[in-house]
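Subject: Structure handover

Hi,

Here is the structure I promised you, with my notes underneath. Have a look at it first, then read on.

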Amino acid sequence: MITLSNPNLTFSNDANPETVVPKGLTSIAFRPGFSVLSVGANTLVPVVAALATSLRMTRQATPEPPVSGEAAEPPSHGVPRFGELLRRHRIDRGATQRQLADLSTVSVRAIRDLELGKAHRPRRDTVQLIAEGLGLTGQERAHFEKAAGGSANELKLSYETGPVPPPAPMDTLVGREAEVWMLGDLLGTGNLRLVSITGLPGIGKSRIALEIAGFLHREHRLPVLWSSAPTQSCATRDTGSEPLSGLVGAALNLPAAAAAVTLQAELRTLVGDQPTLLVMDGYERAGIDATALAALLQHCRGLRVLITARTPFQLPGEREFPLAPLAVPGERAEANLNELAEIGSVKLLTRCIARPGFRLTTANAPAISALCRLLDGIPDSLQLAASWFMVYTAETLLEYVRTDPFAFVTDDLRTSLRTELAALDHDERALLGRLGELDSWSMSDVSRLGHREPAGCARLVRRLLMHGMARTSAGPDSGHFAVLELVKYLGPERRSALHRLEDEAAS
Ligand SMILES: Nc1ncnc2c1ncn2[C@@H]1O[C@H](COP(=O)(O)OP(=O)(O)OP(=O)(O)O)[C@@H](O)[C@H]1O
Ligand SMILES: [Mg+2]
């Protein structure tokens, strides 16, 4: 429960002009997933359906004279069922339209128009607010919501009223211009219809998917159906295109309940042949009804699907796109501060440092560069490192990261790297260890060190790249690669050295 201290706050709601919070409200319960109201000039606040309930508790529903233009009791014949039903419930409770408006936070005008049948298709959140205000529960509430139009109508309406936008990014994207342009173009033209962006936790899969979806929505006028797995961070989760994303999630998620089949049919009918982008963000293969997804692609010929996942789904026709970390500075990059500041990882790290007066200088540049290299340009790790600048200087933080980089990355990333490493066979691990001793290496180094034929070398390097354990170094066309610093830290020599140290300490 959040209490707003100013009793005269006036709320306005751009997202839903039908919703008005009356003056005099002092106490609001916040529940996620509700519409966004603006408080005063700037603050954005999610307001809950429980608003009406808390309002009921804090205010007496005193009779008020009808506002000008409010019909005392409008004639009931000729209006749609929902209007009649609404009016009947209101009268049963002895409330005027004004009182119901106060209780539900829906404007008097919207209530009047609904009762008179002037507004035929109320939004779902409006219907829910009115139902709350009327205190409807159980069968009565279900009946009331059904009379409001049913989900199919509502979905169709929100899908058809203009291309549905993706969730709005909360900041600007750093780097990745080439990736956004390439995938945006391939999906926009329909040359590719099923793409999965894969990579380590926190590498930026959801963030780039947001950007690609925004590009396709803007440049190709594609509606975007966005469904996020519950594990995804709030910053990239859908809030805007509900209930469409709810339908997508329910239709394609496992376990495939009988209801899912109906929802899949509903989704197929809804999308039809219209060019549309469907984003499945952060789901794993086991959590998706792959057959339903494939059927959807077959049926809806204009549909393109963008998946973000730790590993590819391996669906027929899927194009895998492993996302590399952000570019990191080379050893002598700090010689030119302007160029250094533009390198992806440096840009993100310095942007996230919320210490007043912090600037990239010749004094801190070497430590900043080294931090970006040690954390491999992984956006999530860089953001985490940035938060430590509240207490440490760049140099002190660098010392800590050198000692144990895994103290500065998420558990997810640590577990993921360990799992990938464990999946390699003995020879592959040994070769990875040898490659890890080099700053960067080429395919000829791989065949020399691994005693393998070219095809075997290519397969291994591809695998390391696909699973995020290695990256291209010095540009994508250089033919040079590098093992991730975090992987080196976990590598066999390092691990056995650490174990030795631990054993020595224990004895
Ligand atoms: N290119 C970028 N520019 C700016 N911020 C970024 C960029 N890439 C990622 N981020 C930020 O880094 C964090 C992690 O990114 P994101 O959530 O997209 O990772 P992910 O790969 O989807 O992780 P997960 O596998 O856990 O879903 C987010 O806060 C995101 O906004
Ligand atoms: Mg994600």
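Strand β6, residues 194-198, is mostly covered, with five of its five residues buried. This is a predicted model, by the way, so please read everything below as computed from the prediction. In a regular strand the side chains alternate between the two faces of the sheet. For β6 that gives L194, S196 and T198 on one side and V195 and I197 on the other, and both faces are covered.

Which strands pair with β6? One is β9 (residues 303-309), which runs parallel to β6 and is joined to it by five bridges. Within that pairing, V195 has L306 of β9 as its bridge partner. Another is β10 (residues 319-322), also parallel to β6, with four bridges. Here S196 is matched with E320 of β10.

β7 (residues 224-228) is another strand that is mostly covered, again with five of its five residues buried. V224, W226 and S228 point to one side, L225 and S227 to the other, and both faces are covered. β7 pairs with β8 (residues 276-281) in the parallel sense over five bridges, and L225 finds its bridge partner in L278 of β8.

Now for the ligand, which I guess you'll want to look at anyway. Of the 24 residues around ligand 1, the ones that come nearest are G204, K205, S206, R207 and P379. Two helices, α9 (205-219) and α16 (379-387), each supply at least two residues of the shell. What is the make-up of that shell in nonpolar, polar and charged residues? There are seven nonpolar, eleven polar and six charged ones. The shell also draws on two domains: at least three residues come from domain 2 (177-322), and at least three from domain 3 (333-400).

On to the helices. α15 (residues 365-374) is largely enclosed by the rest of the structure, because seven of its ten residues are buried. Those buried residues are A365, I368, S369, A370, L371, C372 and L374. What do they pack against? The answer is α13 (337-341), α14 (344-352), α16, α17 (394-403) and α22 (485-490), and α16 is one of the helices that supply the ligand shell. Just after α15 comes D376, which has a positive phi near 60°.

α14 has its own set of buried residues, namely G344, S345, V346, L348, L349 and T350. Their cover includes α13, α15 and α16.

A few single residues also caught my eye. G436 is in helix α19 (residues 426-436). Why does G436 count as buried? Because 23 C-beta neighbours lie inside 10 Å of G436, and the cut-off for buried is 20 or more. G436 also sits 5.7 Å from K488, C-alpha to C-alpha, although the two are 52 residues apart in sequence.

Then there are two residues other than glycine with a positive phi. T105, in the loop between α3 (97-104) and α4 (108-116), has a phi near 70°. T105 is buried, with 26 other C-beta atoms within 10 Å. R176 has a phi near 65° and lies in the loop between α7 (150-160) and α8 (177-189). R176 is buried too, with 20 other C-beta atoms within 10 Å; since the cut-off is 20 or more, R176 has just the number that the definition asks for.

Finally, the chain as a whole. It has 507 residues, and buried ones make up 38% of them. The chain contains 23 helices and twelve strands. Of the contacts with a separation of 6 or more, 69% are between residues 24 or more positions apart.

And how confident is the predictor? The mean pLDDT of the chain is 77, with 74% of the residues reaching 70 or more. The stretch to watch is residues 1-80, where the pLDDT is below 50; in the model this stretch has 118 contacts beyond near neighbours in sequence. Where pLDDT is low, the predicted coordinates should not be read in detail.

Cheers

Methods. Residues numbered from 1 in each chain as written. Chains lettered and ligands numbered in written order. Predicted model: local features only at pLDDT ≥ 70, side-chain atom pairs only at ≥ 80, totals over all residues. Near = placed C-beta within 6 Å. Nonpolar A, V, L, I, M, F, W, Y, C, P; charged D, E, K, R; others polar. Domains from an automatic or database assignment. Buried ≥ 20, exposed ≤ 12 C-beta atoms within 10 Å, placed from the backbone. Contact = placed C-beta atoms within 7 Å. Pairing = 2+ DSSP bridges. pLDDT = per-residue confidence, 0-100.
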